[in-house]
Amino acid sequence: MRTAEIRRRFLDFFAERGHTVVPSAPLPTPDPTLLFVNAGMVPFKPYLTGEVPAPWPRATSVQKCVRTLDIEEVGRTTRHGSFFQMNGNFSLGDYFKEEAITFAWELSTASVEGGGYGLDPDRIWVTVHHSDDESRGLWRRIAGLPDERIVARGDEDNFWSMGVPGPCGPCSELYYDRGPALGRAGGPAVDEDRYMEFWNLVFMQYERGEGPGKSGYPVLGELPRRNIDTGMGLERMATLLQGVDNLYEIDETRPVLDRAAALAEVRYGADAEADVRLRVVADHVRTALMLLADGTSPGNEGRGYVLRRILRRAVRSMRQLGHTEPVLGDLLAVARDCMAPSYPEVAEAYDRIADRAASEEEAFRSTLRQGTTVLDTAVAKVKAEGSRALPGAQAFLLHDTYGFPIDLTLEMAAEQGVEVDREGFTTLMREQRERARADARARKAGGTDLGVLRPVLDEHGPTDWRAWDTLTTDARVLAVLGVTGPAPVVREGEIATVVLDRTPFYAESGGQDSDAGRLSGASVEAEVLDVQRPLPGLVVHQVRVLSGELATGGRVHAAVDPEWRLGARQAHSGTHVLHAALRQVLGPNALQSGSYNRPGYLRLDFPWRGALSAAARSEIEAAANQALRRDLPVGVRWMTLPEAKELGALALFDETYGEKVRVVEIGGAWSRELCGGTHVEHASQIGTVALTSESSVGAGMRRLEAAVGAEGFGYLARERDLVSRVAEQLQAPRAELPDRIAGLLDRLKSADRENQRLREQADRARAGDLAADATDVDGTLVVTATTDGDARALALAVRERLPATRPGVVVVGSPAGDRATLVAAVNGAARSAGRDASALVKRLLDGRGGGSPELAQGGGIPSDRLPGTLDSVPALLFRA
């Protein structure tokens with residue numbers, strides 16, 4: 001069954017049972033604690049916690065998720081994928097345990113012909129919290145499960161909370177028995193490889209207090225409203241139903257992997273290290289596609305940095321496979337074809353996606369060519385000096401000059417056995433940011449030292465500023481300045497700071513961007529790039545000479561671009577309208593704390609706890625546009641500051657005001673603010689205010705963004721066209737689209753966890769043979785082995801198969817490229833005899849590694865040293 005079909009069936013099943021189908025939230029999340037949505041329930045948190053009233057009693061979704069904490073493990077294990085999809089059904093004060101269990105059982109076991117997944121009911125096991133007798137009874141009655149297939153487990157496994165005070169409760173997990181070839185009988189408590197978890201049902205019925213981790217906190221009592229939150233990994237279910245080994249081989253990722261293998265002229269399955277790189281490419285290309293589709297762009301910070309790192313790791317993996325030509329365009333096209341059945345937007349936005357990816361790849365290819373040589377030279381020098389640490393200054397050079405992200409430097413240095421002075425790098429980065437802040441301050445002076453500008457002000461007095469009254473004026477050039485001082489003449493192609501005796505140009509202030517336009521003279525044509533007020537009363541223009549020469553003392557005609565000014569007036573008045581609408585809907589505490597507007601665009605920041613609901617956003621937008629439809633008059637009055645305060649005008653940002661202040665009113669008292677910006681004469685001239693985004697910009701601070709004027713109408717037209725295309729594709733009336741789309745978004749949630757086990761099955765099967773061949777070393781059974789899979793899982797499996805009455809020590813090594821990791825496990829009898837896994841690992845790895853006396857691990861040794869290291873275990877064991 002294809003992944004898109006699994007997704008469709010899930011959504012259809014719950015839609016038919018009264019659930020509102022909620023589209024996947026975009027991957028970038030307004031939650032200030034997260035860069036991206038990393039779990040299916042994240043968009044529902046405000047409703048589950050009660051912060052925001054739920055708009056529906058029951059809902060279902062297939063949520064796109066990205067997790068990158070374990071990005072280095074992608075491709076090396078079956079459990080790590082940076083992008084995945086979570087199927088979920090949610091009850092928000094509606095149904096509870098009985099219905100949740102019934103739904104899960106019906107969908108899991110219903111025949112494929114009947115719309116289900118067709119799982120054999122005799123192979124399904126469940127776990128419940130040891131205190132949850134109610135769920136145990138429901139599983140008996142609803143599913144007919146015998147007691148031996150209902151496993152009681154403790155808080156760590158079957159009691160859920162967010163990790164902080166708030167909702168909590170028991171959970172019940174469904175497992176599928178994949179047969180004796182994959183492990184021991186006895187249920188999930190015995191072997192979670194053979195018994196694969198595929199669905200988790202969380203019963204939020206209690207409130208927890210302060211306490212550490214997953215257990216040890218007090219349960220304060222029952223919640224006033226009980227909720228259901230369930231999760232099924234779509235990739236995991238696809239892995240199960242498609243009969244493949246891991247998530248990289250399902251229908252949404254395997255074509256990318258195969259294309260990468262064809263381009264690199266390698267065969268998947270022939271070489272372990274090549275397989276890892278192919279899986280990295282398959283995973284990262286799909287993740288990048290989805291991030292780019294949701295509007296994330298490569299950058300140096302935050303979400304942009306995560307995307308840049310993912311794209312560059314994919315490119316580098318292909319280069320390590322021997323393919324050095326541009327590759328992202330080819331691979332992203334394959335990923336697009338895989339994902340478009342579920343997410344049509346990836347096809348619609350593909351030109352933009354491909355363009356951004358191609359630009360990033362080309363930049364990185366240049367970076368790699370130069371930076372790799374620099375890094376290799378630096379590493380060779382460090383090794384020649386007998387050191388193992390690359391200086392922070394060298395890492396900073398790679399970052400600052402060649403664009404090497406620090407994570408890439410760390411990764412490539414580690415591959416050559418060298419560490420990086422991260423603290424030194426961080427110090428240099430901090431100093432660079434300080435310089436950047438200083439540069440930003442200098443920009444307010446038009447890039448010119450204030451000491452150079454002050455004599456101009458002293459000699460000629462304040463600029464005759466006419467931006468409120470006109471778009472054009474004749475002016476005299478008082479000064480032409482470069483960064484280092486006066487430059488009496490500037491010529492074609494040069495950029496300079498120009499001071500005029502009078503100007504119609506609006507200087508950036510109060511959140512409004514500066515005007516654009518031209519300076520024209522008898523022998524010069526110059527473009528105005530920026531306008532600032534570096535000193536009180538002085539306006540300066542940053543210009544680029546397009547033709548001729550601009551000289552001090554010359555005469556010019558200064559003209560603001562009228563289209564630009566119209567857009568700026570619409571955006572600034574639109575900001576005032578949106579602010580008034582915000583306060584009308586949310587109340588007086590929603591006071592603007594910052595804003596920015598330019599032609600066609602505005603943003604407004606305000607203090608607020610929690611994200612706004614969809615209903616609140618719609619009400620705010622409607623209130624703003626109602627002001628436009630009423631054509632509220634826009635007026636300007638001058639008065640004293642006390643008079644303005646008495647009138648109720650809003651003064652923002654703690655600015656310093658003179659004796660007289662300018663008050664801008666829209667509809668009289670409806671919107672009354674102190675403002676120095678340019679505005680329309682009537683609200684209808686704004687055109688429209690179309691909210692495009694609501695997000696978090698820090699703790700307790702929200703941001704609204706909107707398109708206004710022609711850009712607002714363009715945005716709405718694109719939305720209309722999108723709805724029309726969706727309606728056409730779904731062959732449904734527009735009014736039915738929410739339900740129909742919701743029904744299409746709930747089929748993708750159940751294969752994530754299986755991926756962590758399938759690749760390890762061969763090693764699991766080896767465990768018995770390895771235990772049987774254990775070497776007796778002075779009464780201690782010793783097993784050493786290597787694996788291309790999960791060394792920890794194999795070590796634990798072998799330890800479990802050693803006789804409990806005999807001391808047993810297991811050491812498993814796993815080579816990964818040029819480096820290898822080691823895992824040591826000792827049983828209870830060995831611990832009683834004084835054996836210590838952590839001490840043994842540290843002896844084997846020259847002091848590196850650690851863990852508990854029963855289980856420890858470490859890494860970093862060259863892979864070619866692994867056989868000798870394992871051979872030394874018997875001798876070192878008795879020194880440990």
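**Cysteines, cores and a small sheet in a predicted model**

The sulfur of cysteine 65 lies 18 Å from the closest cysteine sulfur, that of cysteine 171, which is too far for a bond. A disulfide is counted when a pair of cysteine sulfur atoms lies within 2.5 Å, and by this rule the count is zero. Cysteine 168 is likewise in no disulfide, with the nearest cysteine sulfur, in cysteine 171, 11 Å away. Cysteine 65 counts as buried because its relative accessibility is 0%; buried means under 20% relative accessible area, exposed over 50%, and partly exposed in between, using a 1.4 Å probe and protein chains only. Cysteine 168 is also buried, at 0%.

The model is predicted, so local features need a pLDDT of at least 70 and side-chain atom pairs count only at pLDDT 80 or more, while totals for chains, interfaces and linings use all residues. Residues are numbered from 1 along each chain as its sequence is written, and side-chain values use heavy atoms, with hydrogens and water left out. The pLDDT is the predictor's confidence in each residue, from 0 to 100; the protein chain averages 86, and 92% of the residues score at least 70. Over residues 439–446 the pLDDT is below 50, and this stretch has 16 contacts (heavy atoms within 4.5 Å) beyond near neighbours in sequence. Where pLDDT is low, the predicted coordinates should not be read in detail.

What fills the inside? The largest nonpolar core has 114 residues, and those touching the most other members are Trp139, Phe198, Trp199, Val285, Leu289, Met318 and Leu331. Such a core is a set of buried Ala, Val, Leu, Ile, Met, Phe, Trp, Tyr and Cys residues joined through side-chain atoms within 4.5 Å. Helix H8 (residues 272–293) gives the largest share of this core, 13 residues. Not counting residues up to four places away in sequence, leucine 331 touches several residues, among them Val281, Val285 and Met318. A second, separate core of 30 residues includes Val577, Leu578, Leu586 and Leu632.

Helices (H or I, at least four residues) and strands (E, at least two) are DSSP runs, numbered from the N terminus. In helix H6 (residues 234–242), seven of the nine residues are buried, including Arg236 and Met237. Glycine 243, with a positive phi near 65 degrees, follows H6.

Three strands form an open, antiparallel sheet in the order S24-S25-S26; strands pair if DSSP finds at least two bridges between them. Seven bridges join S24 to S25 (residues 660–666), and valine 636 stands opposite valine 664 in S25.
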